[in-house]
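User: I'd like to learn how to read contacts in a model. Could you take me through them one feature at a time?

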There are 2 protein chains.
Amino acid sequence: MTRNNKKKLLDSKDYIPHLAYDSVIFGFNGTQLKILILEYHNTEFFALPGGFVKRGENLDDAVKRGLKERTGLDHIYLEQFHTFGSLSRSQPEIMRKILKENDFELKDDYWMFDRFISVAYYALINYDEVEPKPDELSDSINWYAIDELPPLMMDHRKIVEKALQVLRDNLERKLVGMNLLPPKFTMKQLQQVYECILGEKLRRTTFQRRLLGKNILERHEKLFQGKAHKAPYLYSFKVSNSERQKEDKELIHK
Amino acid sequence: MTRNNKKKLLDSKDYIPHLAYDSVIFGFNGTQLKILILEYHNTEFFALPGGFVKRGENLDDAVKRGLKERTGLDHIYLEQFHTFGSLSRSQPEIMRKILKENDFELKDDYWMFDRFISVAYYALINYDEVEPKPDELSDSINWYAIDELPPLMMDHRKIVEKALQVLRDNLERKLVGMNLLPPKFTMKQLQQVYECILGEKLRRTTFQRRLLGKNILERHEKLFQGKAHKAPYLYSFKVSNSERQKEDKELIHK
DNA sequence: GTATTATTGTAACAAAATGAGACAATAATA
DNA sequence: TATTATTGTCTCATTTTGTTACAATAATAC
């Protein structure tokens, strides 16, 4: 595509103006808690994956659509956690630069340059199942450990921090581990998820006793890792992922 | 005002389209947990107090403005808890009826008949300090006990239930009691707030020991109620209301 | 005055949950 | 066969919570 053949902008008629969403997509690589960050072409702007809501589309569905496009995954564990609506968060010059560097034809009154209120969601996905795909506007989409994030544009840093705070609060109640780990995992892996999210070390024996005491884990065969020590058992959550999500929904809409 | 002299509609130029807020305003009358519900003129529509966001206004400020108008109170404890964005929640015929019964001139393409996404907040206020005022559109605004609500319009019932669910989750962490009680209160009053929110009875001695153990209460003089038994002490929260809110804000925005 | 009544504050003991350390079991390796 | 690192579990101490008991006390009845 050449500079003379500009790309067509998204039509304002198709989208709800002033409303966007941003998603904090968490994954666990076995050691670190990471999130997906994209970088826009030629701008050095790092940002959370986000998008807009179509006029005939449920808010939740818009977010699911965006996640599907970026990760290829359906049925992702998703939770809305805050809506960011301050005036100061809108910076039209940033959006202008992004579109310009992506060879879009620009109009001064284009709807994307308006003020936006953004509904933020976090998603929990199985790191290994995903091959993130950059979209049309972005150079790359990559995993970044939560304590090694690049400088993020606009208020995206605040959004990530709020997501982490809510994730922590939900750690026990929502069985967060289930959505960040493969179906079968060792007790050590589960503990590492907890430690990454809480940002502190936990006592091994207490953790094991407490988790087993909850009666939510099923024990399976041992995992022989080829290491010179006793092999750990594999565990899975008793309630399946999808059932658990259904329960949460029922709680919400009851 | 006569039928010939129709009222002027709010101008779409002043407000962000498709975006509204609703507020679940909790108060405690000493026995029951209540919320403020308004009834629109001549419609039998019961609804949560809500409003719209001005184009040059922070989302949070819009909600504070609405609360101030309805309760006369500044510096209310306020927490955003969910954004409702499903397609099915929008019912333009309801808004049409409300405006019609209030003698507004109607236009078919009026912005208020569009789809709305609503950001929901809950507020905690001291029941006794407030004299709720109906606005232009509503006959009345009254306290209703949470288990004796009238049928609410649109999805407002769901909004209330979600508010209660979040309030429960926040009960310990956010010192909810502080904002629902007068500055000085008895242990029994505090326990009643907890019981109303949780919807279950608590054991008196355990509750007292646990709350005193937290070291957040200050003991003051006794309250002589003229009853034939030992007079209870009055307590207050050690951290003042406003300081506590500041802490929460810092947590959020840090 | 004195006994009665209802409620409050706290102590005392039991039960449950958690902290901290010890130790046997066990895969691979030397 | 001994060694090594890690895992699963046990034990005992500590803390928290559940439960019961009981003394203190403000008003009232007598």
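Analyst: We will go through salt bridges, then the chain interface, then the DNA surface. Keep in mind that this is a predicted model.

User: Let's start with salt bridges. How many does the structure hold over all chains?

Analyst: The general idea is that side chains of opposite charge can pair when their charged atoms come close. In this structure the total is 30 salt bridges over all chains. A useful one to begin with joins the side chains of Glu79(A) and Lys174(A), at 2.8 Å from N to O. This pair links distant parts of the chain, with Glu79(A) in strand β5 of chain A and Lys174(A) in the loop between α3 and α4 (176-180), 95 residues apart.

User: Are these two partners buried or exposed?

Analyst: Here the cut-off matters, because buried means under 20% relative accessible area. Glu79(A) has a relative accessible area of 13%, so this residue is buried. Lys174(A), with 10%, is buried too.

User: Which residue pairs with Asp22(B) in a salt bridge?

Analyst: The partner is Arg89(B), and the closest N and O atoms are 3.7 Å apart. Again the pair links distant parts of the chain: Asp22(B) is in strand β1 (residues 15-28) of chain B, while Arg89(B) sits in the loop between β5 (77-84) and α2 (92-101), 67 residues apart. Asp22(B) is buried, with a relative accessible area of 7%, and Arg89(B) is buried at 4%.

User: What does a pair within one helix look like?

Analyst: Take Asp61(B) and Lys64(B), whose side chains meet in a salt bridge at 3.9 Å from N to O. Because they are three residues apart in helix α1 (residues 59-71) of chain B, about one helical turn separates them. Asp61(B) counts as partly exposed, at 34% relative accessibility, and Lys64(B) is partly exposed at 38%. Salt bridges can also share partners, as they do where Asp22(A), Arg89(A) and Asp155(A) are joined into one network.

User: Let's stay with Asp22(A). Where is this residue found, and is it buried or exposed?

Analyst: Asp22(A) is found in strand β1 (residues 15-28) of chain A. With a relative accessible area of 7%, Asp22(A) is buried. To read such a position, look past the neighbours in sequence. Leaving aside those within four places, Asp22(A) is in contact with residues including Leu48(A), Pro49(A), Arg89(A), Ser118(A), Tyr121(A), His156(A) and Ile159(A).

User: Now the interface. How many residues of chain A are in contact with chain B?

Analyst: A good way to read an interface is to take its extent, then its polar links, then its make-up. Here 31 residues of chain A are in contact with 31 residues of chain B. The area buried between the two chains is about 2,400 Å², with carbon and sulfur atoms giving 50% of that area. Between chain A and chain B the count is two salt bridges. The side chains of Asp169(A) and Arg173(B) meet in a salt bridge, at 3.2 Å from N to O. Across the interface there are 15 residue pairs in polar contact, both residues being at pLDDT 80 or more.

User: Which elements supply the side of chain A that touches chain B?

Analyst: Each of β1, β4 (50-54), β5 (77-84), β6 (117-124), α3 (156-170) and α7 (241-253) of chain A supplies at least two residues. The one that gives the most is α3(A), with five residues. By class, this side of chain A has 10 nonpolar, 11 polar and 10 charged residues.

User: Finally, DNA strand C. How many residues surround it, and which are the closest?

Analyst: There are 25 residues around DNA strand C, the closest being Arg203(A), Lys222(A), His229(A), Thr205(B) and His229(B). By class, this surface has seven nonpolar, seven polar and 11 charged residues.

User: Which parts of the strand does the protein meet?

Analyst: Compare backbone with bases. Of the DNA strand C atoms within 4 Å of the protein, 51% belong to sugar or phosphate and the rest to bases. On the base side, a polar backbone atom of Ala228(A) is 3.3 Å from a base nitrogen, and a backbone N or O atom of Lys230(A) lies 2.8 Å from a base oxygen. On the phosphate side, an N or O atom in the side chain of Gln208(B) is 3.5 Å from a phosphate oxygen. The elements that give two or more residues to this surface are α6 (204-214) of chain A together with α6 (204-213) and β10 (233-237) of chain B. With five residues, α6(B) gives the most.

Methods: Residues numbered from 1 in each chain as written. Chains lettered and ligands numbered in written order. Predicted model: local features only at pLDDT ≥ 70, side-chain atom pairs only at ≥ 80, totals over all residues. Heavy atoms only, no water. Helix = DSSP H or I, 4+ residues; strand = E, 2+ residues; numbered from the N terminus. Buried < 20%, exposed > 50% of the residue type's maximum accessible area, 1.4 Å probe, protein only. Contact = heavy atoms within 4.5 Å. Near = heavy atom within 4 Å. Polar contact = N/O pair within 3.5 Å; in protein donor to acceptor, adjacent residues only side chain to side chain. Nonpolar A, V, L, I, M, F, W, Y, C, P; charged D, E, K, R; others polar. Buried area = accessible area lost by both parts, 1.4 Å probe. Salt bridge = Lys/Arg side-chain N within 4 Å of Asp/Glu carboxyl O.
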